[in-house]
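Good morning, colleagues. I would like to take a few minutes to walk through one protein model, moving from confidence to individual residues. Please have the view open as we go.

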Amino acid sequence: MLVEDDRLCGIELDDGRTVRRDVLFVPPRFVPNSELLVGLGCHIDEQGWVTSDVSGRTSVPGVCG
């Protein structure tokens with residue numbers, strides 16, 4: 001990012017080019033925070049999210065996600 005006077009003024013690309021911009025939107029990147037549930041033995045999917053059924057029950061009896 002290129003900043004002038006505490007304001008965004010452009011983006012510098014990997015190839016060295018600069019694109020002037022006033023704003024930049026970046027989508028959030030969600031990551032699971034499931035250390036406790038995994039430690040209890042809950043199953044997780046390929047992305048690391050704890051799996052549950054439609055009522056929120058995990059693979060560990062008595063534990064809802």
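Among the elements of the protein, which has the lowest mean pLDDT, and which the highest? The lowest mean belongs to β1, at 92, and the highest to β3, at 94. I should state at once that this is a predicted model. Over the protein, pLDDT averages 92, and 100% of the residues score at least 70.

Let me begin with the loop that links β1, residues 2-4, to β2, residues 7-12. Asp5 is located in this loop, and so is Asp6. What is the sign of phi at Asp5? Phi is positive there, at about 55°, although Asp5 is not a glycine. Asp6 also has a positive phi, near 60°, and is likewise a residue other than glycine. Are these two side by side in the loop buried or exposed? Asp5 has a relative accessibility of 76%, and therefore counts as exposed, the cut-off being over 50%. Asp6, at 77%, is exposed because the value passes that cut-off as well.

I turn next to the surface. Which residues make the nonpolar patch of about 440 Å²? They are Met1, Val3, Leu24 and Val26. Of these, let me take Val26, which is placed in the loop between β3, residues 18-20, and α1. Its relative accessibility is 63%, so Val26 counts as exposed.

My last stop is Thr58, in the segment that follows α1, residues 35-39. Is Thr58 buried or exposed? Thr58 is buried, because its relative accessibility of 11% is under the 20% cut-off.

What does the side chain of Thr58 reach? One polar contact goes to the backbone nitrogen of Val60, at 3.2 Å. Another goes to the backbone oxygen of Val63, at 2.8 Å. Leaving aside residues up to four places away in sequence, Thr58 touches Cys42, Val50, Thr51, Ser52, Val63, Cys64 and Gly65. Val63 thus appears twice in this account: in the list of residues touched by Thr58, and as the owner of the backbone oxygen that the Thr58 side chain reaches.

To draw the residues together: Asp5, Asp6 and Val26 are exposed, whereas Thr58 is buried. Thank you for your attention.

Terms used: Residues numbered from 1 in each chain as written. Predicted model: local features only at pLDDT ≥ 70, side-chain atom pairs only at ≥ 80, totals over all residues. Heavy atoms only, no water. Helix = DSSP H or I, 4+ residues; strand = E, 2+ residues; numbered from the N terminus. Buried < 20%, exposed > 50% of the residue type's maximum accessible area, 1.4 Å probe, protein only. Polar contact = N/O pair within 3.5 Å; in protein donor to acceptor, adjacent residues only side chain to side chain. Contact = heavy atoms within 4.5 Å. Patch = residues over 30% accessible without salt bridge, like charges linked within 9 Å, V, L, I, M, F, W, Y side chains within 5 Å. Areas by Shrake-Rupley, 256 points an atom, 1.4 Å probe, with all protein chains shown as cover. Salt bridge = Lys/Arg side-chain N within 4 Å of Asp/Glu carboxyl O. pLDDT = per-residue confidence, 0-100.
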